[in-house]
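Please read this briefing with the structure open beside you, and find each residue as it is named. The points are grouped by topic, so that you can take one group at a time.

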Amino acid sequence: FTEGEIVTIWLEYELSAQPPSVKLSWNCAETGLDYRSPYIANEGAGIYTTKLTTILPVGSAGEANLRIALDYGKNTSVVIGPNVGDPEILDIPFTIEAGPVYEEFTYDPPTETLEGDWPKCVPHIAVAWSEDNLSVTATCDKILSNVVLVFEDRTEEKFEDIPGYVGTFSGTGNNTGKRLIGAFVHSGCNTDFWNEITPSKGEFFSNSITGHSMMVWEDLIQSADYDYNDFVSSMKPVEYRKENGDLIQVDMVIKALARGAGYDHDWQLNVDSAFNNTFCVAVIDQYYADGRRHGNQRIWYSSAGVSLPVFISSKQALPPPAGYWATNAFDIQPVVDGDYAVVRILFDNPVQQGEYTDMPYEPELRVKPTGGNIYTVPLWTKPGDYVDPNGRPLAFIVPGMYAWPVEGVKIWDVYSHFNEWTEWTNGTAPEPNAKFYDYAPVGNHFDASYLLINTTESISY
């Protein structure tokens, strides 16, 4: 193998009796691989196959050993190949060769149309984004027909009847002050060549915006107290692309910040709608706040989008201090610096720009409380997304920082503009000039919120 490779290892094993299930573990100290599969159900005696996909880290070149262990019931006889010795353990020595040295680079979305032998009516377009990402300047060699701005809250604003070949555009009215994640530019006959899905908009140019997004959840099982602290986490994604701009990998650092729910639950992140019908492998490594590994590496396969388990146990990721049932939900309790997970999503085939939803990808939470049923909580990102019977979202995303209320305190007592925002979310009022989280909290919020959020900045991939 070569360092930096994505490696798939197949294992065939034979069961000569019928255990209720088996569990496989894979370990390679030289690469840091430490993976234990969930229990695998088997129909009975017979030959079975399974596989593991992992990444060989850069810098791991040299001699290495892969150890595979098969756990089973005491009354079961297992044979893994002839003359192996210990029937439960298989050691496979192998060599990792040094890979090529790649220079680090930062991808910038294309700002000009591609060169090509196009008809004379097809324009050459160049776009330039302002440093604050609030405006874009489009320069064309054909008359501008329209420009459609796409803001980070996924709303759009269209400008038509533009005089000339150059224009600078930014949000107006309720869109004033919104950052841009992209813009469609229509000039000449470019829609016939670059945008068959939405031909009236023009050619799309994306704009990368970095920074935190926070995922905030209100408990769905108990009576909603609307303190929106039942689980709080932050997400910092980084995208990797080919030279032509196609997306090939997404890395995320997801930090557990608060758990106002008293019970334990598994916490899974779905972004299927953002990457519809894509095939990918996700590698999830969970760590304590001090960087020590917490649990085994998890490999997750998705065939119709991206779904992955982030924190298998929210209580283990955010253990409550002695004498408390919640974590970082009361100011009188000690502050807990929770776990973080490093998630690498590798797509089987590159994903073109415009074929997926931009950051933060319209995620939803898949929650399994201890002893309860699995249910899905959509994270509200734009009008038309899910709200409860009271017209409030049960989970939402904050593009930046958010100080969550302490346990039992209504969010509108901390953010006085919250109800104005929810009226817009459920379609009963126009969009406010500013979101509730654009204002400083004035009520009883968790004092160490921003301190915990800022710890994410020091986490490297």
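The second largest cavity of this predicted model has a volume of about 80 Å³. A count of cavities of 30 Å³ or more comes to 2. The bullet points below begin with the lining of the second largest cavity and then turn to the surface, the salt bridges and the backbone.

**The second largest cavity**

- The residues that line the second largest cavity are F1, V7, I9, C28, T31, L33, T54, L56, L66 and F94.
- When these lining residues are sorted by class, 8 are nonpolar and 2 are polar, while no charged residues take part in the lining of the second largest cavity.

**A nonpolar patch on the surface**

- On the surface, I143, Y165 and V166 form a nonpolar patch, and together these residues have about 280 Å² of accessible area.
- One member of the patch, Y165, is found in the loop between β11 (156-160) and β12 (166-170).
- Y165 counts as partly exposed because its relative accessible area is 44%, a value that falls between the limits of 20% for buried and 50% for exposed.

**Salt bridges between distant parts of the chain**

- The whole structure holds 10 salt bridges, and among them is one in which the side chains of K201 and E156 meet at 3.0 Å, taken from N to O.
- Because K201 lies in the loop between α1 (191-194) and β14 (203-206) while E156 belongs to strand β11, this pair ties together parts that are 45 residues apart in sequence.
- How buried or exposed are the two partners? K201 has a relative accessible area of 19% and is therefore buried, whereas E156, with a relative accessible area of 40%, is partly exposed.
- Another salt bridge joins the side chains of K178 and E431, with a distance of 2.7 Å from N to O.
- K178 lies in the loop between β12 and β13 (180-187) and E431 in the loop between α3 (418-425) and α4 (449-454), so this salt bridge ties together parts that are 253 residues apart in sequence.
- Both K178 and E431 are buried, and these residues are also linked with K435 in a network of salt bridges.
- The side chains of K255 and D337 meet in a further salt bridge, at 2.6 Å from N to O.
- This pair links distant parts of the chain, since K255 is in strand β17 (residues 247-258) and D337 is in the loop between α2 (314-317) and β22 (340-351), 82 residues apart.
- K255 counts as buried because its relative accessibility is 2%, while D337, at 38% relative accessibility, counts as partly exposed.

**Backbone angles**

- Which sign does the phi angle of D161 have, positive or negative? D161 has a positive phi of about 50°, although D161 is not a glycine.
- D161 is found in the loop between β11 and β12, and this residue counts as exposed because its relative accessibility is 75%.
- N328, which is likewise a residue other than glycine, has a positive phi near 55°.
- N328 lies in the loop between α2 and β22, and its relative accessible area of 0% is the reason why N328 counts as buried.

Methods: Residues are numbered from 1 along each chain as its sequence is written. This is a predicted model: local features need pLDDT of at least 70, side-chain atom pairs count only at pLDDT 80 or more; totals for chains, interfaces and linings use all residues. Side-chain values use heavy atoms; hydrogens and water are left out. On a 1 Å grid over the protein atoms alone, a cavity is a set of points where a 1.4 Å probe fits but cannot get out, and a pocket is an open set with protein on both sides within 12 Å along at least five of seven lines; lining residues have an atom within 4 Å of a point. Grid points are joined across faces, edges and corners, and a volume is the space filled by probe spheres set on the points. Ala, Val, Leu, Ile, Met, Phe, Trp, Tyr, Cys and Pro count as nonpolar, Asp, Glu, Lys and Arg as charged, and the others, Gly among them, as polar. Patches are made of residues with over 30% relative accessible area and no salt bridge: like charges are joined within 9 Å, nonpolar side chains (Val, Leu, Ile, Met, Phe, Trp, Tyr) within 5 Å. Accessible areas come from the Shrake-Rupley method with a 1.4 Å probe; for residues, only the protein chains shown count as cover. A salt bridge is a side-chain nitrogen of Lys or Arg within 4 Å of a carboxyl oxygen of Asp or Glu. Helices (H or I, at least four residues) and strands (E, at least two) are DSSP runs, numbered from the N terminus. Buried means under 20% relative accessible area, exposed over 50%, partly exposed in between (1.4 Å probe, protein chains only).
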